Amino acid sequence: MQITFEEVSHVYGVGTPFERLALQDVSINIPSGSFVGIIGQTGSGKSTLIQHVNGLLQPTKGTIRLGDVTVTPTRKLPHESRRNIGLVFQYPEHQLFEETVAKDVAFGPLNFDMPPEMAELRVREALEIVGLDYQEMKDRSPFLLSGGQMRRVAIAGVLAMQPKVLILDEPTAGLDPAGRKAILEAIYRIHREQSLTTLLVTHSMEEAARYADRLIVMAGGKVMLEGKPDEVFAQADTLRELALDVPETVSLISQLNRKLPEEQRLPSSVYREEELISHLLARISDRGER
Amino acid sequence: MLQNIAIGQYVPGTSFLHRADPRSKMLFIILFAILVFLANNVITYAILIAFTVMTVMLSRLSLAYILKSLRPVWILVLFTVILHVLITKGGEVYFQWGWFSIEEKGVTQAIFISLRVSLLVLVSSLLTLTTSPIDLTEGLERLLGPFGRIGVPVHEIALMMSIALRFIPTLMEETDKIIKAQTARGANFTSGNLIRRAQNLIPIVIPLFISAFRRAEELALAMEARGYRGGVGRTRLRTLTMSWRDGSIALAACVLLLVIGWWRT
């Protein structure tokens, strides 16, 4: 589903002493099927931006197009459209409430009037996507699981609605490195398998570099940079000004390039860890043969 | 949606009211409550209304914001007005239809009661609006100090109160977040009959309770980790001092007391 923002602004607490401009004239275009990394410091407007995508917030000014639905300051997103847009909040395990894991995951599908047998099937699929065993987990209380498992159950609760757009607000916050990787890999897999449009909000440039095919860098409620990851990483100075860093792979490439003669420089498009490693290995073995 | 409810909310500022001592503000509110019940005619109420408006102006907060933030209270006021108009009988009959009638006493009672509640709520909401929770607790603790000698756990009461006040906005935010998260999963809180709606609250209430307990535990742990062990022998970073502002509040209180005493019938 294509997502378009046209000069969208959002003001919190209109008419109170706490009035605050959270988004300012944001115009972005997210093509269907892309994996977009949204990066920015705390308070840069990332969370406000993504809440507009599923109609939880309405723009104070501007227009948002979600597929063929249009949201304006006066026109709300219809309830049924919400099903197509899954939003996983920060610390989603804080929203668990049911007695069993299966019931909690089924909450979303049942809310959209899915027949119970079908919902059960969806629950099974969703739990498997996030790497949990359905038979083992379904009758357990979500409150007795480990932190990482709770997070997975909560994400499964959104996946079970089978959205076309998946939005994740720092899905790996507070997890250990292994847990982070497992969750992101699972998300990346269904992103490709079901050709979802995925928006990943993150602090980590490494995560963004690894999975995203487009990046949006935000600061002070505005979009500062937008484009393919290598284009964005090329603007290292701007990123540093925003107190963000380029991924280590990118800084390694630029350090190597400084030493290498012009014709042997590494291309900036091999910023993914594995790609960089295989690229470098290939070069080394090339030289060995010569 | 929930950000607009501001009971217990503190709005930082540097106005006269912000800088006055919390003790004088609290004492004044007690006196004001007595005055509101002493007032019993048009003149005394007019004086109190004028005084309240003046106090709001002294706080440099917009009256519209305060009124809006007290919305739940207005619903209550409206309810009492309706009850009084319909139930209290006596005096001249304004309107009669079968057993149903609106009479003079009902209308005057409705006006007086709603004025009393509104004035009280307005003035006391100014206390929390202009006093930071820390100042509020310290003021309360100092005011209740004498009761400590007869075994009242003054410090603990003050601490409980300040924690409660401190966490109202936090829990509001939390509620807002949970509502949003469940809405994103298709929950609908505005349709269906009463029982259905009550059931719809479960996905909000349970996570909210769990997070409140979690927060309480974390807070207790954090306080213990920093060596908190109750009020005995505890010193303060900032101590309260009275200034000319508190003198003028005392003066205003005396004047108000005399004026109301003189004009009431």
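**Exercise 1. Find what share of the 290 residues of chain A count as buried, then judge how compact the chain is.**

*Solution.* Start with burial: in this predicted model, 41% of the 290 residues of chain A count as buried. A residue earns that label if 20 or more other C-beta atoms lie within 10 Å of its own.

Next, take the inventory. Chain A has 11 helices and 10 strands. Its radius of gyration is 21 Å, close to the 19 Å that the globule rule gives for 290 residues, so chain A is as compact as a globular protein of that length. Along the principal axes, the C-alpha trace of chain A spans about 65 × 50 × 35 Å.

Finally, look at the contacts. Take those in chain A between residues at least 6 apart in sequence: 65% of them join residues at least 24 apart.

**Exercise 2. Work out the strand order of the six-stranded open sheet in chain A, and find its edges.**

*Solution.* Walk across the sheet from one side: the order is S6-S7-S8-S3-S9-S10 in chain A, and the pairing is mixed. The edge strands are S6 (85–88) and S10 (222–227) of chain A, since each pairs on one side only. From one strand to the next, the twist averages 15°.

Now zoom in on one edge. Strand S9 (residues 214–219) of chain A pairs with S10(A) in the antiparallel sense, over five bridges. If you would like a residue pair to click on, A:Val217 stands opposite A:Leu225 in S10(A).

**Exercise 3. Describe the side of chain B that touches chain A.**

*Solution.* Begin with the count: the contact takes 20 residues from chain B and 24 residues from chain A. On the chain B side, the elements that give two or more residues are helix H8 (154–184) and helix H10 (202–225). The largest share, seven residues, comes from H8(B). By character, this side of chain B divides into 11 nonpolar, six polar and three charged residues.

**Exercise 4. Compare the listed transmembrane regions of chain B with the modelled backbone.**

*Solution.* First consult the record: under "transmembrane region", an unreviewed UniProt entry lists residues 27–53, 73–95, 107–127 and 244–263 of chain B.

Then check two of these spans in the model. Residues 107–127 of chain B are 100% helix and 0% strand, with end C-alpha atoms 31 Å apart. Residues 27–53 of chain B are 89% helix and 0% strand, and here the end C-alpha atoms are 19 Å apart.

Note on methods. Residues are numbered from 1 along each chain as its sequence is written. Chains are lettered from A and ligands numbered from 1 in the order in which they are written. This is a predicted model: local features need pLDDT of at least 70, side-chain atom pairs count only at pLDDT 80 or more; totals for chains, interfaces and linings use all residues. UniProt positions are given in the numbering used here, feature names are shortened, and annotations may be inferred rather than shown by experiment. Helices (H or I, at least four residues) and strands (E, at least two) are DSSP runs, numbered from the N terminus. Two residues are in contact if their C-beta atoms, placed from the backbone, lie within 7 Å. Ala, Val, Leu, Ile, Met, Phe, Trp, Tyr, Cys and Pro count as nonpolar, Asp, Glu, Lys and Arg as charged, and the others, Gly among them, as polar. Two strands pair if DSSP finds at least two bridges between them. Axes are lines fitted to C-alpha atoms, for helices over the stretch in contact, and angles run from 0 to 180 degrees between N-to-C directions. The radius of gyration is taken over C-alpha atoms; the globule rule is 2.2 Å times the number of residues to the power 0.38. A residue is buried if 20 or more other C-beta atoms lie within 10 Å of its own, exposed if 12 or fewer, and partly exposed in between; C-beta atoms are placed from the backbone.
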